[in-house]
2 protein chains.
Amino acid sequence: MRHLLVPKYVEQIARNGSLRSAAEELGITASALNRRILGLEEELGVEIFERHPSGLRPNIAGEILLKHFRDQIADMERVKSSIADISGQRAGHINIATTREVVQYFLPALIKESLIDFPAVTFGVDLLERGEAELSLVDNTNDIAIVFEPLRIKELQPVYSGEQQMFVVMSDKHPLAKKETVRIYECLDYALLLPKRPEGIRRMLDIAAEKTDTTLIPVLESNSLDLLRLMSQDSDALSFCLAINLRPNLKEDNLVAVPLLTPGIAPGALIAGHLRGRTLPVAAARFLETVNKELATKFAVIV
Amino acid sequence: MRHLLVPKYVEQIARNGSLRSAAEELGITASALNRRILGLEEELGVEIFERHPSGLRPNIAGEILLKHFRDQIADMERVKSSIADISGQRAGHINIATTREVVQYFLPALIKESLIDFPAVTFGVDLLERGEAELSLVDNTNDIAIVFEPLRIKELQPVYSGEQQMFVVMSDKHPLAKKETVRIYECLDYALLLPKRPEGIRRMLDIAAEKTDTTLIPVLESNSLDLLRLMSQDSDALSFCLAINLRPNLKEDNLVAVPLLTPGIAPGALIAGHLRGRTLPVAAARFLETVNKELATKFAVIV
DNA sequence: CCCACGTGTTGCAAAAAACGCAACACCTAA
DNA sequence: TTAGGTGTTGCGTTTTTTGCAACACGTGGG
């Protein structure tokens with residue numbers, strides 16, 4: 001969109017913190033970019049960037065303008081999406097922010113399905129640390145967030161919200177493998193394979209352990225959930241997993257999943273939603289709705 | 001704002017219904033304007049105007065885009081206003097839509113006050129027919145509407161909402177002049193000076209008359225309320241007026257105003273507000289708030 | 001200390017975009 | 001048929017934007 005060049009330029013500078021690097025990403029020279037900014041500032045009669053030796057930083061006026069420009073860019077995307085929709089093209093691009101615990105099997109299946117039905121709709125998926133997913137909605141980097149136990153719910157408008165049962169994953173020859181359910185203290189006798197700290201599932205486990213006055217001491221910490229699960233194979237080590245992230249065919253790996261009971265502790269919530277107050281492009285809105293339906297049929301819904 | 005040229009162009013064309021007339025108002029040639037539109041349509045990959053021999057009309061895609069562009073222009077005004085506000089300038093322009101029944105003494109006083117306190121804030125006042133004031137908010141022609149008995153309240157977000165007592169205005173030698181209150185049937189014996197039909201106050205009078213199974217037959221209908229009031233002087237004719245529009249010093253004209261009782265009929269509501277869902281520029285928001293305070297202290301508030 | 005590297009800014013000439021003019025094609029109402 | 005309205009297009013000119021190179025300034029490391 002030609003007439004949104006200036007907003008895009010300003011956005012890029014704010015994102016990179018310097019003229020030159022922004023200019024490079026935009027495919028123009030720093031001088032051209034600089035003059036655009038100077039011209040804009042002259043039009044406004046106010047400076048919008050603080051000049052530091054290290055680069056440019058939006059001042060207060062710049063922050064206001066930046067917010068407006070970001071909204072403007074996002075709105076234009078929405079409009080283009082609407083227009084494409086009414087002309088029967090159903091095109092658009094959807095950026096999704098999520099965490100490792102969620103994506104593994106659930107998201108790829110839905111995206112594949114969408115790609116078949118609406119080939120013109122493209123996707124971007126950002127794997128972010130706990131808390132960052134919600135933040136990435138604010139500057140419109142991403143449209144949709146699907147997260148477990150979100151940190152900032154003020155900015156997040158949930159469309160789906162449901163509890164996620166935790167499971168203990170172990171070899172099918174494991175002493176605990178035949179049990180209907182497992183409790184946290186029963187796990188302490190075995191080697192533990194735990195996700196690294198910031199993850200929401202790790203936090204849930206820590207809380208559950210604290211409740212029974214124990215501490216979880218892992219033999220292996222990792223943020224690769226695949227690695228943890230595979231380590232369980234042919235060993236007595238235990239790994240943990242959310243319902244949404246259970247591998248469909250665990251048997252082939254000689255693994256079993258047993259529900260983890262955590263009495264007195266509320267199960268963690270999985271939330272899918274968008275930035276509060278924002279109207280999504282039709283493509284994104286539609287996809288979020290199918291995510292919601294899929295989650296609602298697979299898992300319970302809580303209000 | 002240089003980068004808002006295209007939105008402004010589209011808006012002007014939609015407003016005028018033709019390239020050439022829009023081009024003239026914009027101070028460019030039709031060919032230049034035409035190429036801008038063609039370029040925009042190429043960027044979008046969709047036509048946004050229907051070409052008729054009589055001119056251009058936005059199609060469905062165009063309507064969507066138009067709404068977005070209008071919002072964009074209005075938002076930019078708001079942003080500029082915010083920026084001016086934080087730099088201590090308190091500048092901006094406020095467009096007010098209202099009806100004859102309201103403005104007479106109330107609005108000018110407030111505007112004068114504002115002009116003294118914030119000289120950089122300028123005003124535009126549109127006197128419109130009943131119903132049109134609310135409509136003019138939709139395309140952001142006006143920022144604030146102050147209307148009596150609005151027709152479309154879906155679009156109108158009220159900030160102040162209060163009842164307006166009706167008064168009968170007559171010569172101070174009139175037989176009814178000494179009464180505390182007057183009822184509608186008591187007026188039927190005298191010549192009536194009534195506002196013309198579409199006005200809200202006329203509608204209130206018609207309803208009140210209907211309730212008592214009579215019809216009001218005016219000797220003079222006019223949409224100049226001043227004219228009506230002056231006709232009451234030195235005659236037995238009666239004119240009608242809202243509380244907000246009572247002349248401060250009626251005595252000097254040898255006139256008196258007696259409250260009109262309309263039992264069983266809800267008094268008409270005076271509403272001051274803005275377009276639902278829109279965030280006003282700071283200058284407009286501030287002015288609307290002073291309007292609200294002024295109305296709330298002078299007249300009752302209804303929720 | 002200075003040197004290398006990062007930053008934003010500016011002069012100038014070249015390239016690109018936008019513009020106005022005039023002509024054209026079309027429709028409609030007088 | 002004519003006169004006046006519409007949008008569109010080719011072309012030469014004007015305006016704007018750009019890239020290149022040089023400059024000025026601040027910072028961190030040898």
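User: How many residues does each chain give to the contact between chain A and chain B?

Analyst: This is a predicted model, in which local features need pLDDT of at least 70 and side-chain atom pairs count only at pLDDT 80 or more, while totals for chains, interfaces and linings use all residues; side-chain values use heavy atoms, with hydrogens and water left out. Residues are numbered from 1 along each chain as its sequence is written, and chains are lettered from A and ligands numbered from 1 in the order in which they are written. Contact here means heavy atoms within 4.5 Å. On that basis chain A gives 23 residues and chain B gives 23 residues.

User: What area do chain A and chain B bury between them, and which residues of chain A lose the most?

Analyst: Buried area is the accessible area (1.4 Å probe) that two parts lose on being put together, summed over both. For chain A and chain B the value is about 2,100 Å², with 79% of it on carbon and sulfur atoms. On the side of chain A, 27% of what is buried there belongs to the three residues that lose the most area to chain B, namely H3(A), H68(A) and I83(A).

User: How many salt bridges and how many residue pairs in polar contact are found between chain A and chain B?

Analyst: A salt bridge is a side-chain nitrogen of Lys or Arg within 4 Å of a carboxyl oxygen of Asp or Glu, and the count between the two chains is 0. A polar contact is a pair of N or O atoms within 3.5 Å; within protein, one must be able to donate a hydrogen and the other to accept it, and residues adjacent in sequence count only if both atoms are side-chain atoms. Across the interface, with both residues at pLDDT 80 or more, the number of residue pairs in polar contact is 2.

User: Which element supplies the largest share of the side of chain A that touches chain B?

Analyst: Helices (H or I, at least four residues) and strands (E, at least two) are DSSP runs, numbered from the N terminus. Two or more residues of this side come from each of α1 (5-16), α3 (30-44) and α4 (60-86) of chain A. The largest share, 14 residues, comes from α4(A).

User: Which residues come nearest to DNA strand D?

Analyst: A residue is near a strand if one of its heavy atoms lies within 4 Å of it. Sugar and phosphate account for 62% of the atoms of DNA strand D that come within 4 Å of the protein. Of the 21 residues around the strand, the nearest are T29(A), R35(A), L19(B), R20(B) and N34(B).

User: How far is a polar side-chain atom of R20(B) from a base nitrogen of DNA strand D?

Analyst: Side chains of chain B approach both phosphate and base atoms of this strand: a polar side-chain atom of R2(B) lies 3.5 Å from a phosphate oxygen, and an N or O atom in the side chain of R35(B) is 3.3 Å from a base oxygen. For R20(B) and a base nitrogen the distance is 2.3 Å.

User: Which residue has a side-chain N or O atom 2.2 Å from a phosphate oxygen of DNA strand C?

Analyst: Among the atoms of DNA strand C within 4 Å of the protein, 60% belong to sugar or phosphate. The side chain of S18(A) places an N or O atom 3.2 Å from a phosphate oxygen, whereas that of S31(B) has one 3.0 Å from a base nitrogen. The residue at 2.2 Å from a phosphate oxygen is N34(A).
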